[in-house]
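Trainee: Please take a close look at one part of this predicted model and explain how it sits among its surroundings.

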Amino acid sequence: DVMDVCRQSGPLSMYGQEEWLKLCYKNHTFIPFVVADNELPSDKKWVGYAALSNIDHIADKTECSYVIHPDFKGKGYGEEVIFKLLYHAFYNLGVQKVYSDTFDYNLPEVKMRSDCGFVVEGQLQRHYFKRGKFIGSIMMRMFREEFDARYSDRLSTITYAESKPL
């Protein structure tokens, strides 16, 4: 189920995973996140993966992506992850645009992102090879001012931990 929404062609080997992690440490255009729920039992805390990638500080934009484990879909994790990715991108990285790229057959994801405030910018035809054929991609985006307007009530309640010396 997860591979059906990922751009990579198949699961990574252990070596491939290690090489990918090394690249993450060296690369300043990619920030991976683990999606966890601390209220779940210790062996079930991990519910997904998220990332900000292709971070471009010249054009002030970044791509966001995430995957929620199939056992945890439909429980609000996706919407929360999108909010937190957007918040981090706009308020910590200081970008002005966050975009995403979704397979054209993944209409539930397009709807969910739309419900979270993303706007469809266009479609790329025959952009990926998946499911044994060429498939399209739906490009979506959100600007900082759209995020601020959409989530103004939530942003006003965010509190920051007091800074303490190490």
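Mentor: A residue is called buried under 20% relative accessible area, exposed over 50%, and partly exposed in between (1.4 Å probe, protein chains only). By that scale His 127 is partly exposed, because its relative accessible area is 41%. The model is predicted, so local features need pLDDT of at least 70 and side-chain atom pairs count only at pLDDT 80 or more, whereas totals for chains, interfaces and linings use all residues. Residues are numbered from 1 along each chain as its sequence is written, and side-chain values use heavy atoms, with hydrogens and water left out.

His 127 lies in strand 5 (residues 119–130); helices (H or I, at least four residues) and strands (E, at least two) are DSSP runs numbered from the N terminus. Apart from neighbours within four places in sequence, His 127 is in contact (heavy atoms within 4.5 Å) with Ile 135, Gly 136 and Ser 137. Its C-alpha atom is separated by 9.7 Å from that of Ile 138, 11 residues away along the chain.

Helix 3 (residues 107–115) offers a second view: its buried residues are Glu 109, Val 110, Met 112 and Arg 113. These residues lie on the same side of helix 3, because they cover an arc of only 165° around the axis, taken from the directions from the helix axis to the C-beta atoms. They pack against strand 3 (61–68), helix 2 (77–93), strand 4 (97–103) and strand 6 (133–143). On the other side of helix 3, Leu 107, Pro 108 and Lys 111 are exposed. Just after this helix, Gly 117 takes a positive phi of about 110°.
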